[in-house]
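Me: I'm new to this one. Can you walk me through the surface and the pockets?
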Amino acid sequence: MSDIKKQKDFLKNKAFKKFIKSKWYPGIFQWPVALVFAFIVYELIAGPTDAHDNFGTAGTWVLWWPLLPILLLLFGRFWCIVCPFGLLNDVVQKFVGNNKPVPKFLRKYGIWIIDATFLMITWSDHVWGVVENPRGSGILLLMITTAVIFSGALFERRTWCRYLCFLGGLSGNYSRAGMVELRGTPEVCKNCKTSTCYKGTSEVPGCPMFEFPKTMDSSAECNLCGNCVKNCPNDSIRISPRTPTKELWDIKKPKIEVAFLAIVIMGIVFVQNITMLNIWGQLLHSLENILGTTNYYITFTVTFFIAMLIPVVLLLLTGLIAKKFNKASIMENFARFGYAVIPLDLAGHIAHNLFHLLAEGKSVIYTAMELFKVSSHGASTALLSSPTIQVLQYIIIVLGTIGSIYTAYRIAKSSQNKETLLGTSIVYTILMVLLAVANIVLFSIPMAMRM
């Protein structure tokens with residue numbers, strides 16, 4: 001109880017608490033974002049066919065996508081309550097929802113479906129050029145919109161967001177390293193007999209993400225919708241700042257599927273970097289000679305598979321070596337210490353997309369001007385110089401590496417004695433440094449622009 005009392009609680013601020021409990025939250029954020037989203041989809045489908053001239057492309061891939069991991073770090077899954085797909089799910093559910101229970105296979109394998117979908121979309125982007133093709137981006141968003149409508153019409157709460165959204169797994173992982181948490185106060189919750197925080201009331205629905213704040217110990221699935229704050233009769237809910245990565249230090253039941261997503265995200269960052277390097281053409285030509293084919297579907301698929309496989313194999317090998325110290329099985333080490341990769345994942349994602357945001361950021365302004373027939377052709381899109389962006393990328397990678405090394409140390413400390421702690425920590429420190437060096441090498445090579 002003493003630790004909880006020491007924690008700052010944003011809900012102690014009367015104005016903030018009143019806002020969260022008001023009828024305006026979260027709609028005041030949701031509807032403006034939904035309107036912008038609708039316009040962006042329209043631009044992608046009906047606007048200029050050249051990505052350089054399309055506001056939808058710039059708004060989606062130069063502004064929103066780079067800002068997303070930063071938002072997840074600062075505010076957890078707050079984006080998920082603002083997300084227009086979540087709002088669409090709620091609206092569909094309100095009018096035509098059947099509210100069927102989530103199928104058992106989704107509860108059991110949802111995260112694996114999310115992992116597979118995330119990999120498939122990343123692969124298809126490079127093979128079919130979704131990002132560089134406004135129509136491709138628009139079709140992707142419309143396909144997701146259709147899937148959300150079906151999910152909202154069939155299943156209860158936000159089944160889509162929890163078990164099917166390909167960004168849900170990414171958001172959940174990054175939110176574990178985030179700086180904000182929502183929790184119930186155990187000493188207050190233990191005497192509560194209502195469970196309205198989960199079930200809801202006649203005025204306010206229950207938790208849309210199937211979370212029970214009374215026992216919740218992770219921010220991975222909490223979208224800060226505020227329903228539990230409104231429904232709790234005992235003011236038990238608190239929203240508090242926390243040290244980044246803190247939640248990762250003592251995961252009670254580590255899951256292989258979460259660790260797998262964490263390590264393949266590292267591979268995805270490698271792919272995103274490699275295919276944007278100015279030397280990618282030379283690398284591709286060499287690979288064509290080795291494989292004996294110029295078919296890009298084949299050459300990229302091989303590149304993609306290798307990039308995913310390398311970090312997975314490294315984590316497995318590290319688990320094998322760590323086994324000599326901590327006596328855990330390889331898969332136990334894989335599941336537990338896969339979470340330690342998340343801070344470096346987050347850093348790599350931010351660093352990669354920082355290039356787009358800072359080297360191409362003005363394209364958002366220029367494409368918006370084009371909507372009003374104001375030409376900006378030939379103008380530089382850069383907000384900062386390339387050397388400055390590279391320095392920022394290096395700093396972010398170093399911070400992420402420190403976060404991953406410390407997280408691995410805390411994971412080892414929470415489950416081992418002092419005799420095995422040092423060996424295990426050193427083994428995973430070497431892994432994090434290797435992954436960090438790979439990132440830094442890739443960021444040191446000039447990258448091609450998207451816009």
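Reply: Helices (H or I, at least four residues) and strands (E, at least two) are DSSP runs, numbered from the N terminus. This is a predicted model, where local features need pLDDT of at least 70, side-chain atom pairs count only at pLDDT 80 or more, and totals for chains, interfaces and linings use all residues. Residues are numbered from 1 along each chain as its sequence is written, and side-chain values use heavy atoms, with hydrogens and water left out.

Me: OK, where is Leu 392?
Reply: Leu 392 sits in helix H20, residues 386–415.

Me: Why does Leu 392 count as partly exposed?
Reply: Because its relative accessibility is 30%; buried means under 20% relative accessible area, exposed over 50%, and partly exposed in between (1.4 Å probe, protein chains only).

Me: Switching to pockets. What volume does the largest pocket have?
Reply: About 1,400 Å³. A pocket is an open set of points on a 1 Å grid over the protein atoms alone, where a 1.4 Å probe fits, with protein on both sides within 12 Å along at least five of seven lines; lining residues have an atom within 4 Å of a point. The volume is the space filled by probe spheres set on the points, which are joined across faces, edges and corners.

Me: Which element gives the most to its lining?
Reply: H7, with seven residues.

Me: And how does the lining of the second largest pocket divide?
Reply: Into 37 nonpolar, nine polar and three charged residues. Ala, Val, Leu, Ile, Met, Phe, Trp, Tyr, Cys and Pro count as nonpolar, Asp, Glu, Lys and Arg as charged, and the others, Gly among them, as polar.

Me: Which helix gives the largest share there?
Reply: Helix H4 (residues 55–75), with 10 residues.
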